[in-house]
Amino acid sequence: MAVTGVLGVAIEVPDHAVGRQFYTDAGLEAETADGRIALRCAGNAEPSVTLIEAAGPMRLHHVGLRAGELDAIAARVPGHGGKVVAVPTGFGGDGLWIEDIHGVLFHLVDKPAVAEAPVAEPFAINAPGRVVRVRRSAMQPVNSYPPVRPRRLGHVALFTPDVAASAGFLTGALGMAVADSVADVLAFCCAAKDSDHHVIALAKSSATGMHHLSFQVADPDEVGRGGNTLAAKAGKGQWGFGRHTIGSNFFHYIQDPWGSWFEYYSDMDFIDDHALWQATSYGMEDALANWGPPPPADFIHNYQAGPAA
Ligand SMILES: [Fe+2]
């Protein structure tokens, strides 16, 4: 056993109120406890994002992962360049806290996966010779839709100064697997069994940092609708609507108040058994998207390493 999925992240931000506004605009539910703000997808017990107020620029505090057999993981961590560390101040004593080879903090918790509630109505597309939707419109009047609510945090994308070394730690120490990659600049890591195409994505940078958090919504329409609405409210950068080659998901990214990104996604590849999956090394032309608008100039800038030029 090993890592089976992502639980959430904790980030240090200079202004609680700004963060609370952004994530509630994105459709998460906020709760203040112990001086922090927990942001949950509706119906989820675990917060997807925890905001810790701290002076200075936004900083990733830790990534929470669901995992099994924590003792075995703890035994493997030192041999792969990481270390088991003490429980950080202000956090509970459950689970296992570790740092990877670059000092990135992970909290592993032995919790079973929660079954996803199925969508009320599957996305139905009429195609040549395959009509599946008759006598009804796919689209309703624009003002009739409720706000988009993310269903769960699906993956976290992290910056690292050494993609191969970080991926080696996730696979060797945490039992994850590399689903696909792009040269030495991107690696997409999944759980070994029953996993979204990626749970942790790694992108090359001069320093560690958080590139984006990605939330699953019901269907591609919600990706576009949610993306447009949040982009208008947030007032910063956006990239979408588009579709990735790697992972196949539809995406719409909205820039958060600190320069990182919030992604709505739908229809990601699923890997039931990595041993039966064909891992591919893609070219740079497939690194970002299969199709979509051009990304903003600062889409892959690591604001935790310094301001954009
Ligand atoms: Fe993503």
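# A tour of the chain, stop by stop

Start by selecting serine 248, which is found in the loop between strand 15 and strand 16. Keep in mind as you click around that this is a predicted model. Serine 248 has a positive phi of about 70°, although it is not a glycine. Is serine 248 buried or partly exposed? With 14 other C-beta atoms within 10 Å, serine 248 is partly exposed.

**Zoom out**

Now show the whole chain as a cartoon. You should be able to pick out four helices and 19 strands. The radius of gyration is 19 Å, close to the 19 Å that the globule rule gives for 309 residues, so the chain is as compact as a globular protein of that length. Along its principal axes, the C-alpha trace spans about 60 × 45 × 40 Å. How many of the 309 residues count as buried? The share is 42%. Among contacts with a separation of 6 or more, 65% join residues 24 or more positions apart.

**The nine-stranded sheet**

Next, select strands 15, 16, 17, 14, 9, 13, 11, 10 and 19, in that order: they make an open sheet with mixed pairing. Strand 15 and strand 19 (280-282) are the edges, each pairing on one side only. From one strand to the next, the twist averages 20°. If you're wondering what holds such a thing together, strands of a sheet pair through backbone hydrogen bonds, either parallel or antiparallel.

**Strand 10 and its two neighbours**

Strand 10 (177-182) is a good place to see both kinds of pairing. Colour strand 10 and strand 11 (186-190) first: these two run antiparallel, paired over five bridges. Aspartate 180 stands opposite phenylalanine 188 in strand 11. Three residues sit between the strands of this hairpin, and alanine 183 there takes a positive phi near 40°.

Now add strand 19. Which sense of pairing does strand 19 have with strand 10? Those two pair in the parallel sense, over three bridges. Look for serine 181, whose bridge partner in strand 19 is serine 281, and for valine 182, which stands opposite tyrosine 282. While you're here, check how covered strand 10 is: six of its six residues are buried.

**Helix 3**

Select residues 163-172 to light up helix 3, then pick out its buried residues: Val163, Ser166, Ala167, Phe169 and Leu170. Why do these residues end up on the same side of helix 3? They cover an arc of only 155° around the axis, which puts them there. Turn the view to see what covers them: strand 9 (152-160), strand 10, strand 11 and strand 13 (200-204) are included.

**Helix 4**

Move on to helix 4, residues 220-234. Its 15 residues, at 1.5 Å a residue, should span 21 Å, and the end C-alpha atoms are 21 Å apart, which agrees. Try that distance yourself with your viewer's ruler.

Where does helix 4 lie? Helix 4 lies across strand 15, strand 16 and strand 17, running at about 10° to strand 16. The buried residues of helix 4 are Pro220, Glu222, Val223, Gly224, Gly226, Gly227 and Leu230. Their cover includes helix 1 (16-25) as well as strand 15 (238-243), strand 16 (250-255) and strand 17 (261-266). Just after helix 4, glycine 235 takes a positive phi of about 75°.

**Backbone oddities**

Stay around strand 15 and select phenylalanine 241, which lies in that strand. The peptide bond from glycine 240 to phenylalanine 241 is cis, with omega near -5°.

Then jump to aspartate 194, in strand 12 (residues 193-196). Aspartate 194 has a positive phi of about 45°, even though it is not a glycine. With 14 C-beta neighbours inside 10 Å, aspartate 194 counts as partly exposed.

**Last stop: aspartate 286**

Finish with aspartate 286, in the segment after strand 19. Aspartate 286 is partly exposed, with 15 other C-beta atoms within 10 Å. Which residues does aspartate 286 touch, not counting those up to four places away in sequence? Select Thr245 and Ile246 to see them. For a final distance check, pick phenylalanine 270: it is 16 residues from aspartate 286 in sequence and 19 Å away in space, C-alpha to C-alpha.

How values were computed
Residues are numbered from 1 along each chain as its sequence is written. This is a predicted model: local features need pLDDT of at least 70, side-chain atom pairs count only at pLDDT 80 or more; totals for chains, interfaces and linings use all residues. A residue is buried if 20 or more other C-beta atoms lie within 10 Å of its own, exposed if 12 or fewer, and partly exposed in between; C-beta atoms are placed from the backbone. The arc is that of the directions from the helix axis to the C-beta atoms. Two residues are in contact if their C-beta atoms, placed from the backbone, lie within 7 Å. The expected span of a helix is 1.5 Å times one less than its number of residues. Two strands pair if DSSP finds at least two bridges between them. Axes are lines fitted to C-alpha atoms, for helices over the stretch in contact, and angles run from 0 to 180 degrees between N-to-C directions. The radius of gyration is taken over C-alpha atoms; the globule rule is 2.2 Å times the number of residues to the power 0.38.
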